[in-house]
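Colleague: I am new to this structure and would love a close look at its pockets and at the helices around them. Could you walk me through that part?

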Amino acid sequence: MRDTVILTVLSFAFAGLIGVVVAGFRVSPVPPLRAFGAFYVTTVRNTPLTLHFLLFFFGLTKVGIQFSPFVSAIIVLAAYTGTFVAEAVRAGINSVARGQAEAARALGMTFVQILAVVILPQAVRTVVQPVGSIFSALIRNSSLATIIFVPNLGREVDEIVTRTATYTPVYLGAAVAYLLLTLPTGQVVGWLERRVAIKR
């Protein structure tokens, strides 16, 4: 379980960075950046995560590029999850009143400054819940790293089943373990939502 936690946390940290950058591209006034952001999100989100693992880990090896299974899992999970974070952040950006950006622009602020100083701090209030759900999904998706031999809860379950030929109790135990990881996420997200909620 420890490996799953480490894998999830590291992947989510990079996914957050990717998501914010890509969301910025998606709302950028520069057409090529908007096009790249849309292409990246549409392509990655609409292809299976399993395929990304196989293409990245085994495909790159064929051309002489090789990462360790653990690093490969972080890169793939971050790149994939980052697209969902990007869309959540973009929705949050779009929820901020247009007048906020116009006022900042009138003060001479650049697009990056407007995004970082004015828009994103307000958008955070609306993205806590969807980003929390994405984190919960990432915990479950991390089990797919088993296919490239990364130590995690899913791989441990497979090894126990192979060794003992015991299916139902082991898989039920795995389900409980994943619940123990995901249920606290909901509690933390609820607490964060209350912390950043707009006081009315």
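Before we get to the pockets, what is the mean pLDDT of the protein chain, and what share of its residues reach 70 or more?

Modeller: Happy to! This is a predicted model, and the mean pLDDT of the protein chain is 86, with 94% of its residues at 70 or more. Confidence varies from element to element: helix 2, residues 31–45, has the highest mean pLDDT, 95, while helix 7, residues 153–164, has the lowest, 71.

Let me set the scene first. The protein chain has eight helices and zero strands, and reading along the sequence gives the pattern α-α-α-α-α-α-α-α. Along the principal axes, the C-alpha atoms fill a box of roughly 70 × 45 × 20 Å.

Now to the largest pocket. Its volume is about 440 Å³. The lining is made of 16 residues, and the closest to the pocket's centre are Val-27, Ile-93, Arg-98, Ala-101 and Arg-105. If you want to find this lining on the chain, look at helix 4 (69–95), helix 5 (98–106) and helix 6 (111–141), each of which supplies at least two of its residues. In character, the lining of the largest pocket has eleven nonpolar residues, two polar ones and three charged ones.

Two of those contributors also pack against each other. Helix 5 and helix 6 meet at an angle of about 160 degrees, and their axes are 10 Å apart. Because an angle over 145 degrees counts as roughly antiparallel, helix 5 is roughly antiparallel to helix 6. Their crossing is right-handed.

The second largest pocket comes next, with about 370 Å³ of space. Here 19 residues form the lining, and those nearest the centre are Phe-12, Val-127, Val-128, Val-131 and Gly-132. Four helices each supply at least two residues of this lining: helix 1 (2–26), helix 4, helix 6 and helix 8 (168–196). Helix 6 gives the most, with eight residues. The lining of the second largest pocket divides into 16 nonpolar residues and three polar ones, with no charged residues. For the largest pocket, by comparison, the lining includes three charged residues.

You may have noticed helix 4 and helix 6 in both lists: they supply residues to the lining of the largest pocket and to that of the second largest pocket. Helix 4 is worth following a little further, starting with helix 1. The axes of helix 1 and helix 4 come within 5 Å and cross at roughly 45 degrees. That angle makes helix 1 oblique to helix 4, and the crossing is right-handed. The residues of this contact divide into 18 nonpolar, five polar and three charged.

Helix 4 also meets helix 2. The axes of helix 2 and helix 4 come within 9 Å and cross at roughly 120 degrees, so helix 2 is oblique to helix 4. The crossing of these two is left-handed, whereas helix 1 and helix 4 cross in a right-handed way.

To put the pieces together as you turn the model: begin at the largest pocket, with Val-27 and Ile-93 among the residues closest to its centre. Then move to the second largest pocket, where Phe-12 and Gly-132 are among the residues nearest the centre. From there, helix 4 leads you to its contact with helix 1, where the axes come within 5 Å.

Key: Residues are numbered from 1 along each chain as its sequence is written. This is a predicted model: local features need pLDDT of at least 70, side-chain atom pairs count only at pLDDT 80 or more; totals for chains, interfaces and linings use all residues. Side-chain values use heavy atoms; hydrogens and water are left out. On a 1 Å grid over the protein atoms alone, a cavity is a set of points where a 1.4 Å probe fits but cannot get out, and a pocket is an open set with protein on both sides within 12 Å along at least five of seven lines; lining residues have an atom within 4 Å of a point. Grid points are joined across faces, edges and corners, and a volume is the space filled by probe spheres set on the points. Ala, Val, Leu, Ile, Met, Phe, Trp, Tyr, Cys and Pro count as nonpolar, Asp, Glu, Lys and Arg as charged, and the others, Gly among them, as polar. pLDDT is the predictor's confidence in each residue, from 0 to 100. Axes are lines fitted to C-alpha atoms, for helices over the stretch in contact, and angles run from 0 to 180 degrees between N-to-C directions. Angles under 35 degrees count as roughly parallel, over 145 as roughly antiparallel, 65 to 115 as roughly perpendicular and the rest as oblique. A crossing is left-handed if the near helix is turned anticlockwise from the far one by less than a right angle, and right-handed if clockwise.
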